[in-house]
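Student: Can we go through this one together, starting with the ligand and then the odd spots in the backbone?

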Amino acid sequence: MLRSKILATGMYVPPKVVTNNDLAPMMDTSDEWIRQRTGIEQRHWVEGKVATSDLALEASLIAIKNAGIDKSQIDMIILANLSPDHEFPGTACFLQKKLGVPGIPALDVRQQCTGFIYGLSIADQYIRTGTYKTILVIGAEVHSKGLDKTPNGREISVLFGDGAGAAIITATEVKDPKKDSYLYSTHLHADGTFAEELWVPSPGFDTTGDRLTQQMMDEGLIYPKMNGKNVFVHAVKRMPEAIEEALKANELKIEDIDFFVFHQANLRIIDMVAKQFSIPEHKYFNTIQKYANTTAATIPIGIDEAVRAGKLKKGMLVASAAFGSGFTWGSAIFRF
Ligand code: UT7
């Protein structure tokens with residue numbers, strides 16, 4: 001049967017490391033608060049004129065190299081991000097220009113923390129139908145330029161880091177469904193009832209006047225706003241639900257999964273999810289300490305880091321789940 005598989009991955013974070021102590025004088029926060037409440041120790045932030053497409057390019061080049069393919073073999077680009085280079089056109093177009101692969105479709109996915117799983121799912125549909133053979137799926141974010149770095153923004157701004165992760169998804173003819181490497185399934189969800197629980201109100205076109213005004217800037221509406229407690233409550237419910245759904249669809253038990261790659265928003269969320277399923281620590285791997293929450297980039301960064309750390313090995317059955325703004329959530333199960 002024709003299915004898709006993750007052939008190779010790559011990741012990139014900008015060189016500048018920003019520690020919790022670096023943020024303390026800006027935001028009236030402390031290393032102790034951030035570590036205790038989130039598990040984050042540091043994050044990487046870009047310097048100068050570096051955009052989401054630049055980080056995406058670096059990660060993509062590594063993934064292409066690791067896959068041993070030529071960029072001319074890529075049939076489609078899918079780039080998940082919430083921090084676009086410009087309002088339009090989509091950032092996938094800027095990445096396409098930098099990568100030098102004109103003509104193929106370039107699609108932006110705007111599903112925040114679940115963006116990579118949405119992108120993977122879209123790629124899978126195109127591959128299963130035989131439309132495309134090789135798709136570059138990326139999650140990339142430059143959060144640092146859009147955060148309120150004053151005490152007003154401290155509840156959110158300490159949480160996010162910049163980075164990119166990329167995966168080369170290719171068609172594969174599955175002969176042994178229990179042993180071969182392929183994407184078993186993706187399950188996607190959203191509930192727009194909660195769209196304003198984690199969002200950036202402005203600029204936007206849902207206004208009576210101009211999309212961006214001085215008043216919006218003065219009121220700080222151009223920065224992300226979050227009802228952190230409500231997001232937390234939904235995250236610890238929705239991620240396990242998405243995993244249960246995927247297990248059921250594939251007639252698997254939690255013990256069958258060799259490795260888990262969870263979205264990294266808060267170490268406490270991950271621990272609570274792992275505890276619900278009694279997942280032993282050696283079966284998952286956290287990156288939040290080093291990179292904080294890199295939103296759409298988190299899952300591909302997690303896969304790539306776990307591979308390079310020797311934790312995620314070829315042939316393992318992997319479950320991944322994410323939850324974030326929208327609200328959006330979803331899961332994927334694949335044999336690596
Ligand atoms: O990937 C997207 C999805 N995002 C998430 O999943 C995030 C989900 N939410 C969370 O992770 C947590 O709710 C936060 C980490 C955002 C906040 O943790 P919390 O334990 O819910 O803290 P809190 O909002 O209840 O705040 C506790 C206290 C407050 O002070 P008072 O009112 O108790 O005096 C806050 O003002 O901590 C204060 N506070 C801070 N203090 C120092 C909030 N942010 C900070 C900060 N530094 N950065």
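**Ligand site and backbone oddities**

Tutor: Sure, and keep in mind that this is a predicted model. An oxygen atom of the ligand is 2.4 Å from an N or O atom in the side chain of Lys229.

Student: How much of the ligand's area does the protein bury?

Tutor: Start from the ligand on its own, which exposes 960 Å². Of that area, the protein buries 75%.

Student: Which side chain has an N or O atom 2.6 Å from a nitrogen atom of the ligand?

Tutor: Let's go by ligand atom. Arg37 is out, as its side-chain N or O atom is 2.8 Å from an oxygen atom of the ligand. For the nitrogen atom at 2.6 Å, the side chain belongs to Thr29.

Student: What pocket does the ligand sit in, by rank?

Tutor: Pockets here are found on the protein atoms alone. Ranked by size, the one that holds the ligand is the second largest.

Student: Which element gives the most residues to the shell around the ligand?

Tutor: The elements giving two or more residues are α2 (31–38), α6 (154–157), α8 (228–249) and α9 (267–276). The top contribution is 4 residues, and it comes from α8.

Student: Which domains each give at least three residues to that shell?

Tutor: In total, 20 residues surround the ligand, with Thr29, Arg37, Lys229, Asn266 and Asn293 the closest. By class, the shell has 9 nonpolar, 6 polar and 5 charged residues. At least three residues come from each of domain 1 (2–173) and domain 2 (182–335).

Student: On to the backbone. Where is Pro89, the residue joined to Phe88 by a cis peptide bond?

Tutor: Omega for the Phe88 and Pro89 bond is about 0°. As for its place in the fold, Pro89 is in the loop between β4 (76–80) and α4 (91–99).

Student: What is omega for the cis bond between Gly326 and Phe327?

Tutor: You'll find Phe327 in the loop between β12 (317–324) and β13 (328–335). A cis peptide bond joins Gly326 to Phe327, and omega there is about -20°.

Student: And what is phi of Glu251 near?

Tutor: Glu251 lies in the loop between α8 and β11 (259–262). Its phi is positive, in a residue other than glycine, and is near 50°.

Terms used. Residues numbered from 1 in each chain as written. Predicted model: local features only at pLDDT ≥ 70, side-chain atom pairs only at ≥ 80, totals over all residues. Heavy atoms only, no water. Near = heavy atom within 4 Å. Polar contact = N/O pair within 3.5 Å; in protein donor to acceptor, adjacent residues only side chain to side chain. Areas by Shrake-Rupley, 256 points an atom, 1.4 Å probe, with all protein chains shown as cover. 1 Å grid on protein atoms, 1.4 Å probe; cavity = no way out; pocket = protein on both sides within 12 Å on 5 of 7 lines; lining within 4 Å. Sits in = over half its atoms within 2 Å of the grid points. Nonpolar A, V, L, I, M, F, W, Y, C, P; charged D, E, K, R; others polar. Domains from an automatic or database assignment.
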